[in-house]
Amino acid sequence: MACTASQVIRCKAAVAWEAGKPLVIEEVEVAPPQANEVRLKILYTSLCHTDVYFWEAKGQNPLFPRIYGHEAGGIVESVGEGVTDLKPGDHVLPVFTGECKDCAHCKSEESNMCDLLRINTDRGVMLNDGKSRFSINGKPIYHFVGTSTFSEYTVVHVGCVAKINPLAPLDKVCVLSCGISTGLGATLNVAKPPKGSTVAIFGLGAVGLAAAEGARIAGASRIIGVDLNSNRFEEAKRFGVTEFVNPKDHKKPVQEVIAEITNGGVDRSIECTGNVDAMISAFECVHDGWGVAVLVGVPHKDAVFKTHPMNLLNERTLKGTFFGNYKPRSDLPSVVEKYMTKELEVEKFITHSVPFSEINKAFEYMLRGEGLRCIIRMEE
């Protein structure tokens, strides 16, 4: 590979010029990586609900023009000053959150919420100098969550890059850099269901199905899927879900329905919708004495969680998780290995594939609620 570390690269990127309008494939200039940064050649990326949410400008102070994208797989093209653990040619997953390895969170075995590199949806520039590495005719195009993978090349902080097994197919494992790992880790790292236990999953989108996959891997005896859309139930069986509850089919609260069919409540529940009522139900449906509920979904900013204190005093546990409690650099390589050893099945999460030139189709699929993950092939 020719040395391009100090050169500007011109490439194609899908630029969001304004909220809710189709992305436009433009030629952008990508500046060289600065200190503690790496420039990546993105080979495959996929679309996550978070991209759509911010593209629609529902979740932030709108910042445009911007390059979205944060679930991806690629190869290191060049590295900036001070980068020692990555080199050109390494296969990597860029991640929307990071691991500086120096702060109190990174040094704690219990946290993955890095002080320096924790997700920041408002920031559209690099930490090093407060500037963007993307431009068109000298005008900056803003970054998104430090990754901006809807571009053939992108610049990312070294702490947000996980080096993975070069034999892992990037068109499959790219989906592990966000939603799938979030759901999987919520179950395996936080809920930790014992073998033979009962688990309820609230919300059967990609994250919820990944949580179900975690329960399947853990050896749960019953995995109860809870969703308002009964059309999701058949597909969920492929992810280990054994039975289903649609709250709309019952007059009583769903937590009471689940308690009845499980002799007092499930051993573990994982909430993946972000709806505060579902969060309350997920907590109140776990068994007293040992039940653990884990909240994954992100609620509305004004939402308030209400439950009677006796639910806690009766020895139920409520936990929250961020990115499945995985530290990106330290832990993601082992998640990829779960796929390589066939313990984790990733292919069933991938329902569509489009070339980069048709990236707006991926948005259409998601807006229509079709499928789970759409892979976008950068090289046509």
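# Exposure, ring pairs and sheets

Reader: Which label applies to Lys131, buried or exposed?

Author: The relative accessibility of Lys131 is 54%. Buried means under 20% relative accessible area, exposed over 50%, and partly exposed in between (1.4 Å probe, protein chains only). Lys131 therefore counts as exposed.

Reader: What kind of model is this, and what do side-chain values leave out?

Author: This is a predicted model, in which local features need pLDDT of at least 70 and side-chain atom pairs count only at pLDDT 80 or more, whereas totals for chains, interfaces and linings use all residues. Residues are numbered from 1 along each chain as its sequence is written, and side-chain values use heavy atoms, leaving out hydrogens and water.

Reader: Leaving aside neighbours within four places in sequence, which residues is Lys131 in contact with?

Author: Lys131 is found in the loop between α2 (104-107) and β6 (134-136). The helices (H or I, at least four residues) and strands (E, at least two) are DSSP runs, numbered from the N terminus. With contact meaning heavy atoms within 4.5 Å, and with neighbours within four places in sequence left aside, the partners of Lys131 are Val125 and Met126.

Reader: How is the pair of Phe150 and Phe363 classified?

Author: A search of the whole structure finds twelve aromatic pairs. Rings of Phe, Tyr and Trp (its six-membered ring) pair if their centres lie within 6.5 Å; planes under 30 degrees apart count as stacked, over 60 as edge-to-face, and the rest as tilted. Because the ring centres of Phe150 and Phe363 are 6.3 Å apart and their planes stand at 70°, the pair is edge-to-face.

Reader: How far apart in sequence are the parts that the pair of Phe150 and Phe363 ties together?

Author: Phe150 is buried, with a relative accessible area of 0%, and Phe363 is buried as well, at 2%. Phe150 lies in the loop between β7 (139-141) and β8 (153-157), while Phe363 lies in helix α11 (residues 359-367), so the separation of the parts in sequence is 213 residues.

Reader: At what distance from the ring centre does Lys348 lie over the face of Phe239?

Author: A charge sits over a ring if NZ of Lys or CZ of Arg is within 6 Å of the ring centre and within 35 degrees of the ring normal. Lys348 lies over the face of Phe239, and its distance from the ring centre is 5.0 Å.

Reader: In the sheet of six strands, which strands stand at the edges?

Author: Two strands pair if DSSP finds at least two bridges between them. The six strands form an open sheet with parallel pairing, in the order β12-β11-β10-β13-β14-β15. Each edge strand has a single partner, so one side of it is left without a neighbour in the sheet; the edge strands are β12 (243-245) and β15.

Reader: By what average angle are neighbouring strands of the six-strand sheet turned against each other?

Author: Axes are lines fitted to C-alpha atoms, for helices over the stretch in contact, and angles run from 0 to 180 degrees between N-to-C directions. For the neighbouring strands of this sheet, with direction ignored, the average is 20°.

Reader: Which residue stands opposite Val292 in β15?

Author: Strand β14 (residues 292-295) has Val292 and Val294 pointing one way and Ala293 and Leu295 the other, and all are buried. Four bridges join β14 to strand β15 (residues 317-320), and the two run parallel. Opposite Val292 in β15 stands Thr317.

Reader: Which residue of β14 does Glu271 stand opposite?

Author: Strand β13 (residues 268-271) runs parallel to β14 and is joined to it by four bridges. Together with helix α8 (residues 276-284), β13 and β14 make a β-α-β unit that is right-handed: with the strands pointing away from the viewer, the path from the first strand over the helix to the second runs clockwise. Opposite Glu271 in β14 is Leu295.

Reader: At about what angle to β10 does helix α5 run?

Author: Strand β10 (residues 198-202) and strand β11 (residues 222-226) pair in the parallel sense over five bridges, with Val199 opposite Ile223. Helix α5 (residues 206-218) lies across β10, β11 and β13, and its angle to β10 is about 170°.

Reader: In β7, which residue is the bridge partner of Ser135?

Author: An open sheet of four strands has antiparallel pairing and the order β1-β2-β6-β7; its edge strands, β1 (9-15) and β7, each pair on one side only. Three bridges join β6 to β7. The partner of Ser135 in β7 is Pro140.
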